[in-house]
Amino acid sequence: MSTKQHAMNDAERFLPLLRSVGREIRERTRAIDGLEEQLTTLSEDRALHHAAIAQVEAELSMQRRELRRVERELSDLGWSRDADHPLRIRIPGRGGSFTYEGQHDKTRFYRTPSDVRV
């Protein structure tokens, strides 16, 4: 079996975990975007919406903290989020690295050039 195939098998072995992590990143990113938009709208009249603003800020803080926790978990595994595409996860493997991208129940692995730092 070739080195490339070994690396692909290593990446595919983690598919359930990658799907779960990818889904969490996607959901938390969407929640953060929505909360930031809501906060902007509420902030137009801070005096009127003081309690709602405090609640949205607390939820936003929690979502950001949990997203950082997921990023630490990726780091502990030796993986990272793609800086250009934050919903992609880079996975180093024997004989090269792969980038995982799961969208709409489709999973794709891309070869990552060896000169790209993961």
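This passage walks through helix 3, the nonpolar core and an aromatic pair in a predicted model. Residues are numbered from 1 along each chain as its sequence is written, and side-chain values rest on heavy atoms, with hydrogens and water left out. Because the model is predicted, local features need pLDDT of at least 70 and side-chain atom pairs count only at pLDDT 80 or more, while totals for chains, interfaces and linings use all residues.

Helix 3 covers residues 50-77; helices (H or I, at least four residues) and strands (E, at least two) are DSSP runs, numbered from the N terminus. With 28 residues at 1.5 Å a residue, helix 3 should span 40 Å, and its end C-alpha atoms sit 41 Å apart, which agrees. The expected span here is 1.5 Å times one less than the number of residues. Right after helix 3 comes glycine 78, with a positive phi near 85°.

One set of helix 3 residues is buried: Ile53, Val56, Leu60, Gln63, Glu66, Leu67, Val70 and Leu74. Buried means under 20% relative accessible area, exposed over 50%, and partly exposed in between (1.4 Å probe, protein chains only). These buried residues pack against helix 2 (15-42), strand 1 (80-81) and strand 2 (89-93). Glutamine 63 has a relative accessible area of 9%, so it counts as buried. Leaving out residues up to four places away in sequence, glutamine 63 touches Arg28, Ala31, Ile32 and Leu35, where contact means heavy atoms within 4.5 Å.

As for the nonpolar core (buried Ala, Val, Leu, Ile, Met, Phe, Trp, Tyr and Cys residues joined through side-chain atoms within 4.5 Å), the largest one has 18 residues, and Ile25 and Ile89 have the most contacts inside it. Helix 2, helix 3 and strand 2 each give two or more residues to this core, with helix 2 supplying the largest share, 8 residues. Beyond its neighbours within four places in sequence, isoleucine 89 is in contact with a list of residues including Ile25, Leu74, Trp79 and Phe98.

Then there are the aromatics. Rings of Phe, Tyr and Trp (its six-membered ring) pair if their centres lie within 6.5 Å; planes under 30 degrees apart count as stacked, over 60 as edge-to-face and the rest as tilted. That rule gives 1 aromatic pair. Phenylalanine 14 and tryptophan 79 meet edge-to-face, 5.2 Å centre to centre with 75° between the planes. The pair links distant parts of the chain, 65 residues apart: phenylalanine 14 is in the loop between helix 1 (3-13) and helix 2, and tryptophan 79 in the loop between helix 3 and strand 1. Phenylalanine 14 is partly exposed at 28% relative accessibility, whereas tryptophan 79 is buried at 6%.
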